[in-house]
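Here is a briefing on one protein chain. Look over the sequence and the model, then read the points below.

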Amino acid sequence: MEIRNFENTKLRPVWDPLTDRECNVPYCNVQITTFAKYIQHWSEIHVKKIMVYVCIACTQRLEKRERAMQHASVVHRKERDENNIENIEVNNYKYKSDYGTLPYRKGTALERKAIYEREKRKAQEERKLLKKKVEEDRGFI
Ligand SMILES: [Zn+2]
Ligand SMILES: [Zn+2]
């Protein structure tokens with residue numbers, strides 16, 4: 001699926017898997033666990049037009065291509081192939097504005113490594129502080 005905003009690669013913020021756990025569109029608040037799920041969420045919710053798959057025999061609309069082909073073969077006993085379905089673009093009834101938000105991008109290997117290193121350092125610092133606190137509490141210092 002074509003997503004216009006996804007073309008502005010340089011401007012888009014790099015997704016930080018450790019801290020960016022929600023969709024970055026204001027008021028969306030959808031939890032994101034993986035980048036793939038985020039992209040899927042964005043393409044289902046934050047785009048105005050989506051593709052649907054229409055059964056040529058009965059004009060029923062289905063969201064997924066696979067389901068449409070399955071429908072044609074089960075209901076109409078047709079061959080399971082793309083000639084029995086048609087793709088059309090329709091308004092996305094689930095659409096929620098992105099308020100001009102640029103979607104996250106995955107980042108290069110180097111950018112991801114920098115995030116990982118930063119978090120590793122932070123975790124080490126925290127462990128050091130915790131250790132110190134425990135020692136203080138026990139009266140070792
Ligand atoms: Zn969202
Ligand atoms: Zn049908």
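Helix 3 lies largely in the open, because 0 of its 29 residues are buried. A residue is buried if 20 or more other C-beta atoms lie within 10 Å of its own, exposed if 12 or fewer, and partly exposed in between, with C-beta atoms placed from the backbone. The model is predicted, so local features need pLDDT of at least 70 and side-chain atom pairs count only at pLDDT 80 or more, while totals for chains, interfaces and linings use all residues. Residues are numbered from 1 along each chain as its sequence is written, and chains are lettered from A and ligands numbered from 1 in the order in which they are written.

**Helix 3**

- Helix 3 covers residues 109-137. Its expected span is 42 Å and its end C-alpha atoms are 42 Å apart, so the two values agree. The expected span of a helix is 1.5 Å times one less than its number of residues.
- Helices (H or I, at least four residues) and strands (E, at least two) are DSSP runs, numbered from the N terminus.
- Gly139 follows helix 3 and has a positive phi, near 80 degrees.
- UniProt, in an unreviewed entry, lists residues 106-136 as "coiled-coil region". UniProt positions are given in the numbering used here, feature names are shortened, and annotations may be inferred rather than shown by experiment.
- Over residues 106-136 the chain is 90% helix and 0% strand. The end C-alpha atoms of this stretch are 42 Å apart.

**Overall shape**

- The protein chain has 3 helices and 3 strands. From the N terminus on, they run α-β-β-α-β-α.
- What is the radius of gyration of the protein chain? It is 23 Å, but a compact globule of 141 residues would have one near 14 Å. The radius is taken over C-alpha atoms, and the globule rule is 2.2 Å times the number of residues to the power 0.38.
- The C-alpha atoms fill a box of roughly 80 × 30 × 30 Å, taken along the principal axes.
- Buried residues make up 11% of the 141 residues.

**Domains**

- The domain assignment gives domain 1 (1-47 + 92-106), domain 2 (49-85) and domain 3 (108-141). Such bounds come from an automatic or database domain assignment.
- The centres of domain 2 and domain 3, taken over C-alpha atoms, are 54 Å apart.
- An unreviewed UniProt entry carries the annotation "domain: C2H2-type" for residues 53-81. Over residues 53-81 the chain is 38% helix and 17% strand, with end C-alpha atoms 12 Å apart.

**Cores and contacts**

- Which residues make up the largest nonpolar core? They are Trp15, Cys23, Val25, Ile32, Tyr38, Trp42 and Tyr104, 7 residues in all. Another core, of 6 residues, lies apart from it, and its members include Tyr53, Cys55, Ala68 and Ile85.
- A nonpolar core is a set of buried Ala, Val, Leu, Ile, Met, Phe, Trp, Tyr and Cys residues joined through C-beta atoms within 7 Å.
- In soluble globular proteins, nonpolar side chains tend to be buried together.
- Tyr38 is in contact with Trp15, Cys23, Ile32 and Tyr104, leaving aside neighbours within four places in sequence. Two residues are in contact if their C-beta atoms, placed from the backbone, lie within 7 Å.
- Of the contacts with a separation of 6 or more, 60% join residues 24 or more positions apart.

**Loop between helix 2 and strand 3**

- Helix 2 covers 65-75 and strand 3 covers 85-91, and Glu82 lies in the loop between them. Glu82 is partly exposed, with 13 other C-beta atoms within 10 Å.
- His76 is in this loop too. Its C-alpha atom is 72 Å from that of Lys132, although the two are 56 residues apart in sequence.
- Arg77 also sits in this loop. It is exposed, with 8 other C-beta atoms within 10 Å. Its phi is positive, near 55 degrees, in a residue other than glycine.

**Loop between strand 3 and helix 3**

- Asn92 lies in this loop. The C-alpha atoms of Asn92 and Lys49 are separated by 5.1 Å, with their positions 43 residues apart along the chain.
- Asn92 touches Val47, Lys48, Lys49 and Ile50, not counting residues up to four places away in sequence.
- Tyr99 lies in this loop, and its phi is positive, about 50 degrees, although it is not a glycine.
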